[in-house]
Amino acid sequence: MRQQARKPFDKSKIPQDLCPIATELSELKTGDWRAERPVVDRDKCVKCATCWLYCPTQCVEEKPTWFEAGLEICKGCGVCAQECPHQAIAMVEEVEE
Amino acid sequence: MGKGYPTIAFYPEKCNGCNDCVEACAQIKTETSEPVHSRISVAKDPDDEFYGLSLCRQCGDPRCVMDCPARALTKNEDTGVVHWDETKCVNCQICTLACPYAGITYNRITDQVMKCDLCNGDPACVKACAPMALEYKIGAEIYNTWGDLEDLFVPGVGACLGCNSELIMRHTLRRIGPNTVVATPPGCIPGVGSVGVNGITSTKTPVFHPLLTNTASMLAGVKRYYNRIGRDVTMLALAGDGGAADVGFQSLSGAAERGEQMIFVCVDNEGYMNTGVQRSSTTPYGAWTTTTPVGEALQGKTRDAKPLPLLMVLHSCEYVATAALPFMEDFYMKLDKAIEASKRGMAFIHIFSPCPTGWRFDPSQLIEVARKGVETNMVPLWEYENDLGRINITHVVNEPLPVVTYLKSIGKYRHLSDEQLVYIQRKTDERFELLKKFTKESKLEGLSDAA
């Protein structure tokens, strides 16, 4: 991953009389919203990156021979399963083990 | 990072079994139209509803390569194509048994196996397929070019499941890059936490929250300051339809008229989704919202949507485009042009943005709904370059689907009567005819025709 962003401002150097300025990045983990989890059939995946292209959270990660959703962030919307041109992704209900 | 690869997608519901793909394949590989030489075939049992496809998928981890005892099959890491080497093949045909998709087959005439090689990135079968049941998907090129760049929003933002706005903002800012000041007026995009509260933000570039009314004028001021101190910084507005077409319109119109240098992206989800689905001026005729309810007196909105992108063309912006994210290559091309145009003046991109929550459809259908919007011509994709002075339709729909195929997939249109459907079809056709007038050499010529 090529970093693009600069670091946020140093909190201690912001004058007190300035308007509010954010100095920290949000760490929201949206994976715990999920009711269904995308499960990739590695045999069927051809690495066409369609799931990455259309994943609203952009949580899809590349693995050596397949792509799969990062479950810390994936909200389970099912767009990837719907759009996969080779039907390699199944949405599986999240149940307690 | 590794790589993504193009692939051929197959839509069984569109295949009519005409075998044109088979002939085209045989023709290009052997210059005969003998089906026996084709690397692709379609077939179905009498009981099946749809045809099935036999074609090499160029698997990520190919079974044929694993099982070939002679190492005659190899996966090309650059192109993704599984390559068959005639000189190494011992004709054992194990690969034909290993492949679960019948993608490599034995040719009894040549006494050899044969398989698809994607025609060096220009597959003949796809071009030959009239019903467009085959599609060559090249989204991987975007991944290979831009996928390695850091997403300039934090991984988790509080957008609904299947949120098109989230998809738009992530792709847009990743492409435009970190040397950018982002303005997001009230709407879903700041609503999901992109600006943030209490010193915590979700955006990794400078971002601020203008009023709903003054996004374009604030950005104009910031840009003029940077120009004065000699720093080249891109200005990006990520506004909803309210912040662009309704109360935000006067500042946008003023900035466009003055030729302020910025990229103004209107994420058009056709209403005030962030505050509970109220109508806006871009809500289409007939749509249900909480302020255009469906009951005895009303059947959804009674007025037509404001054609904001055409209004921006008439402002002589440097660049105006409409986009929809199923057509991501088209969108990235337009971002490229918008970045360049914003160095000279206003670049305006109007993005059709279906909203599962406010429009009442399943989040998984997000891309499919947007695709139908384009394929029915309800949302034509086009661009306008001021130095050319006319509109160019970037995605021509040869045979537009009836609008009902789009409307019936969305809950907010569920109540529409036959008369309303007829009206929407007529309006869609009329608007497209009007748009075509702008594709003539000069937009003013087109206008005098229209008058």
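1. In E13(B), Phe264(B) is the bridge partner of Ala237(B). The model is a predicted one, and this pairing is a convenient place to enter the sheet of chain B. On the other flank, Ala237(B) of E12(B) stands opposite Ala183(B). Ala237(B) thus appears in two pairings, one with Phe264(B) and one with Ala183(B).

2. The strand pairings around this point can be listed in turn. Strand E9 (residues 180-183) of chain B is joined to E12(B) by four bridges, and the two run parallel. E12(B) is joined in turn to strand E13 (residues 262-268) of chain B by five bridges, again parallel. Between E13(B) and strand E15 (residues 346-352) of chain B there are seven bridges, also in parallel. Within that last pairing, Val265(B) has Ile349(B) of E15(B) as its bridge partner. Strands of a sheet pair through backbone hydrogen bonds, either parallel or antiparallel.

3. These strands belong to an open sheet of eight strands in chain B, with the order E11-E9-E12-E13-E15-E14-E16-E17 and mixed pairing. Strand E11 (207-208) and strand E17 (390-395) of chain B are the edges; each has a single partner strand, so one side of each is left without a neighbour in the sheet. Strand E12 (residues 234-240) of chain B is mostly covered, with six of its seven residues buried.

4. How far apart should the ends of helix H12 (residues 328-341) of chain B be? With 14 residues at 1.5 Å a residue, the expected span is 20 Å, and the end C-alpha atoms are 20 Å apart, which agrees. The buried residues of H12(B) include the charged Asp330(B) and Lys334(B). The others in that buried set are Met328(B), Phe331(B), Tyr332(B), Leu335(B), Ala338(B), Ile339(B) and Ala341(B).

5. Lys75(B) deserves a separate look. The residue is found in strand E4 (residues 73-75) of chain B. Lys75(B) is buried but has no salt bridge: Glu77(B), the nearest side chain of opposite charge, is 6.8 Å away, whereas a salt bridge requires the nitrogen and carboxyl oxygen to be within 4 Å. What does the side chain of Lys75(B) reach at 2.9 Å? The partner is the backbone oxygen of Cys59(B). Leaving out residues up to four places away in sequence, Lys75(B) touches Tyr5(B), Gln58(B), Cys59(B), Gly60(B), Pro62(B), Val65(B), Gly80(B), Val81(B) and Val82(B).

6. The lysine numbered 75 in chain A appears in another setting. Lys75(A) is linked with Asp151(B), Glu166(B) and Arg170(B) in a network of salt bridges. Over all chains, the structure holds 31 salt bridges. Side chains of opposite charge can pair when their charged atoms come close.

7. Glu260(B) and Arg224(B) form a salt bridge, with the closest N and O atoms 2.8 Å apart. This pair links distant parts of the chain, 36 residues apart: Glu260(B) is in the loop between helix H10 (249-258) and E13 of chain B, and Arg224(B) is in helix H8 (residues 215-229) of chain B. Is each partner buried or partly exposed? Glu260(B) has 6% relative accessibility and so counts as buried, while Arg224(B), at 47%, counts as partly exposed.

8. A salt bridge within one helix is also present. Glu368(B) pairs with Arg371(B), the closest N and O atoms being 2.7 Å apart. Both residues lie in helix H14 (residues 366-375) of chain B, three residues apart, or about one turn of the helix. Glu368(B) counts as partly exposed at 21% relative accessibility, and Arg371(B) counts as buried at 15%. The cut-off for buried is under 20%.

9. In chain A, the side chains of Lys63(A) and Glu61(A) meet in a salt bridge at 3.5 Å, N to O. Lys63(A) is partly exposed, with a relative accessible area of 25%. Glu61(A) is partly exposed as well, with a relative accessible area of 38%.

10. A last point concerns Leu53(B), which lies in strand E3 (residues 52-54) of chain B. Leu53(B) counts as partly exposed at 25% relative accessibility. Not counting residues up to four places away in sequence, Leu53(B) touches Phe10(B), Ile40(B), Ser41(B), Val42(B), Tyr101(B) and Leu134(B). Leu134(B) is 81 residues from Leu53(B) in sequence, and their C-alpha atoms are 9.9 Å apart in space.

Terms used: Residues numbered from 1 in each chain as written. Chains lettered and ligands numbered in written order. Predicted model: local features only at pLDDT ≥ 70, side-chain atom pairs only at ≥ 80, totals over all residues. Heavy atoms only, no water. Buried < 20%, exposed > 50% of the residue type's maximum accessible area, 1.4 Å probe, protein only. Polar contact = N/O pair within 3.5 Å; in protein donor to acceptor, adjacent residues only side chain to side chain. Contact = heavy atoms within 4.5 Å. Expected span 1.5 Å × (residues − 1). Pairing = 2+ DSSP bridges.
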